[in-house]
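Thanks for asking me to look this one over. Below are a few numbered points to read alongside the structure.

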Amino acid sequence: MFDTTNDPATNGLTGRTILTGDRPTGQLHLGHLAGTLLARRALQEENRQTILVADLQALTDNAGNPAKVSGNLLEVVLDYLAVGIDPEKTVIARQSRMPELMEMTLLFLNLVTVSRLQRNPTIKTEVEARGFGESIPAGFLCYPVSQAADITAFGADLVPAGDDQAPLIELSNEIAARVNRLAGSEVLRRAELLRSRAPRLPGIDGHGKMSKSACNAILLSDSSDEIRRKVMAMYTDPDHLKVSDPGKVEGNVVFAMLDAFDPDQEEVENLKDRYRAGGLGDMALKRRLEPILQELIAPIRTQRAFLSRDMGEVAAILDRGTERAREDVAPRLAGVRRAFGL
Ligand code: TRP
């Protein structure tokens with residue numbers, strides 16, 4: 001069970017300056033809950049935490065469909081609030097309303113080469129996945145520089161994220177070092193990756209990770225009927241035809257979900273042994289999983305529905321967070337400007 005109160009990755013962390021961000025391209029789902037939302041909720045207690053809703057970064061590969069970004073901006077904020085991210089403890093800020101970040105990005109662009117960006121492993125993978133070929137939008141190629149501005153502007157020393165973000169943090173640290181060399185003093189800090197302990201949750205269809213665009217996600221707003229339907233449709237082992245057949249645990253989405261959310265992990269290990277040996281049916285497993293997911297999501301869905309009755313307030317929370325964030329980053333922008341003699 002991914003319980004952040006006992007999570008060695010978040011427990012005991014105090015006094016750190018933490019930045020995370022999300023591209024608002026869809027509502028958040030169970031994968032986000034296991035991967036980052038619960039950790040953020042725990043981290044906000046003893047640390048200075050900012051969450052950046054990265055709508056500019058989202059546009060770098062969605063410029064043809066900006067409504068996908070604007071339409072999901074407040075949905076994502078609503079998801080944060082519904083899981084218990086408290087705007088009094090965590091600053092929630094909107095990237096596109098922070099001109100400081102854009103100015104820092106533009107200055108930072110003078111410190112990196114195009115070939116360095118093209119060789120960035122994160123960018124390479126993403127360019128391939130998006131099928132850009134030779135037609136990479138310049139904004140997309142440069143988003144790691146903008147992300148370096150995000151990280152350094154907030155003075156973050158810790159960035160909780162997946163492994164895929166490691167090359168971006170490395171680049172950010174390189175840029176910070178160059179700025180500091182220009183300035184002759186420590187204007188910007190180094191940041192460190194806090195690797196998410198939770199494994200990537202697969203989609204209910206078993207094809208790759210859970211994502212809303214792949215239509216294989218269980219959303220934090222899903223009704224109990226939708227959750228039931230999605231559990232029943234979950235990919236298991238296609239060769240496990242009869243209950244008595246031996247079944248495969250690897251790649252089996254139901255087991256991935258039980259690994260992530262079942263409070264009785266010992267029993268999950270027993271079930272895996274029985275499933276592998278044959279004699280344990282998919283339905284029995286799904287009947288175990290369904291109430292676990294129902295209980296996990298019900299309070300989030302209820303809170304989300306309640307908060308969504310006043311979207312004006314959700315927007316105001318984002319505006320207030322953005323104002324606080326702008327005050328937070330201003331002195332670091334001033335230091336960067338000075339480093340460049342501006
Ligand atoms: N790249 C992150 C993602 O894909 C989003 C992001 C933008 C981010 N700015 C950030 C993450 C700063 C950590 C820190 O979701």
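1. A word on terms before the ligand: helices and strands here are DSSP runs, with at least four residues for a helix and at least two for a strand, and they are numbered from the N terminus. With that in hand, strand E1 (17–22) and helix H9 each supply at least two residues of the shell around the ligand. Please keep in mind that this is a predicted model.

2. Which residues surround the ligand? The shell is made up of Leu19, Thr20, Gly21, Arg23, Ala54, Gln57, Gln147, Asp150, Ile151, Val159 and Gln165. Sorted by class, that gives four nonpolar, five polar and two charged residues.

3. You may want to look at three side chains in that shell. The side chain of Asp150 has an N or O atom 2.8 Å from a nitrogen atom of the ligand. For Gln165, a side-chain N or O atom is 3.2 Å from a nitrogen atom of the ligand. Arg23 faces an oxygen atom of the ligand instead, with 3.5 Å between that oxygen and an N or O atom of the Arg23 side chain. On its own the ligand has 360 Å² of accessible area, and the protein covers 87% of this.

4. Thr20 deserves its own point. This shell residue is found in strand E1. Is Thr20 buried or exposed? Its relative accessibility is 5%, so Thr20 counts as buried, the cut-off being under 20%. The Thr20 side chain also makes a polar contact of 3.1 Å with the side chain of Arg40.

5. Next, the second largest pocket, which has a volume of about 220 Å³. Helix H2 (55–59), helix H5 (99–108) and helix H9 (143–153) are the elements that give two or more residues to its lining. H5 provides the largest share, four residues. H9 therefore appears in both settings: this lining and the shell around the ligand.

6. What lines this pocket? There are 13 lining residues, and Leu56, Met102, Thr105, Cys142 and Ser146 lie nearest the centre. By class, the lining has seven nonpolar and six polar residues, with no charged ones. The shell around the ligand, for its part, has two charged residues.

7. Finally, a look at Glu192, which is found in strand E5 (residues 192–195). Glu192 counts as partly exposed because its relative accessibility is 44%. Along the chain, Glu192 and Ala217 are 25 residues apart, and their C-alpha atoms are separated by 30 Å.

Key. Residues numbered from 1 in each chain as written. Predicted model: local features only at pLDDT ≥ 70, side-chain atom pairs only at ≥ 80, totals over all residues. Heavy atoms only, no water. 1 Å grid on protein atoms, 1.4 Å probe; cavity = no way out; pocket = protein on both sides within 12 Å on 5 of 7 lines; lining within 4 Å. Points joined across faces, edges and corners; volume = space filled by probe spheres on them. Nonpolar A, V, L, I, M, F, W, Y, C, P; charged D, E, K, R; others polar. Near = heavy atom within 4 Å. Polar contact = N/O pair within 3.5 Å; in protein donor to acceptor, adjacent residues only side chain to side chain. Areas by Shrake-Rupley, 256 points an atom, 1.4 Å probe, with all protein chains shown as cover. Buried < 20%, exposed > 50% of the residue type's maximum accessible area, 1.4 Å probe, protein only.
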